[in-house]
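This report describes selected local features of one protein model. It considers a small sheet, two loop residues and one strand residue in turn.

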Amino acid sequence: MSTATTGVRLYKLGPADQIPLGEGRAFAISDHQVAVFRLRDGQIRALSAVCPHRGGPLADGLTDSQQVICPLHNHAFRLIDGHCTTGAPSVQAYHVRVDNGELVLHLHAQLDP
Ligand code: FES
């Protein structure tokens with residue numbers, strides 16, 4: 001039986017300003033579909049891009065400073081942690097930051113020792 005350690009992999013996604021303020025973009029990273037949002041105040045958030053209700057594209061949802069609304073049936077997900085405030089399952093939240101104008105996503109990965 002092998003043991004696994006948890007590591008973090010960093011993925012550069014390109015310039016932050018490729019995402020207009022107040023909008024989101026979907027990225028395929030490893031086997032993850034990630035929606036990255038650039039809020040109107042300049043903060044960056046990232047959630048799983050696929051709505052757990054019926055697979056709606058969360059990157060195309062309406063955002064405010066707190067949440068994104070799925071464009072298909074209006075379930076709402078908190079941008080800070082992916083919690084659904086309207087009764088659907090939650091989505092995964094990812095750590096994302098801007099480094100010298102570039103988006104950097106942190107993904108936790110199971111690594112063999
Ligand atoms: S698919 Fe997102 S609310 Fe239904």
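## Sheet, loops and a strand residue

Ser30 lies in the loop that connects β2 (23-29) and β3 (32-38). The model is predicted. Although Ser30 is not a glycine, its phi is positive, at about 55°. Ser30 is classed as exposed because 10 other C-beta atoms lie within 10 Å, and the cut-off for that class is 12 or fewer.

A second residue with a positive phi is Asn74, which is likewise not a glycine. Asn74 belongs to the loop between β6 and β7. The two loop residues are set out below.

| Residue | Loop | Phi | C-beta neighbours and class |
|---|---|---|---|
| Ser30 | between β2 and β3 | about 55° | 10 within 10 Å, exposed |
| Asn74 | between β6 and β7 | near 70° | 12 inside 10 Å, exposed |

The strands β6 and β7 also take part in an open sheet of three strands, ordered β5-β6-β7 and paired in the antiparallel sense. Its edge strands, β5 (62-63) and β7 (76-78), each pair on one side only. Two bridges join β5 to β6 (residues 67-69) in antiparallel fashion. Within this pairing, Thr63 has Val68 of β6 as its bridge partner.

Arg97 is located in strand β8 (residues 93-99). Because 13 other C-beta atoms lie within 10 Å, Arg97 counts as partly exposed. Leaving aside residues up to four places away in sequence, Arg97 touches Ile44 and Val104. Ile44 is 53 residues from Arg97 in sequence, yet their C-alpha atoms are 6.6 Å apart in space.

Key
Residues are numbered from 1 along each chain as its sequence is written. This is a predicted model: local features need pLDDT of at least 70, side-chain atom pairs count only at pLDDT 80 or more; totals for chains, interfaces and linings use all residues. Two strands pair if DSSP finds at least two bridges between them. Helices (H or I, at least four residues) and strands (E, at least two) are DSSP runs, numbered from the N terminus. A residue is buried if 20 or more other C-beta atoms lie within 10 Å of its own, exposed if 12 or fewer, and partly exposed in between; C-beta atoms are placed from the backbone. Two residues are in contact if their C-beta atoms, placed from the backbone, lie within 7 Å.
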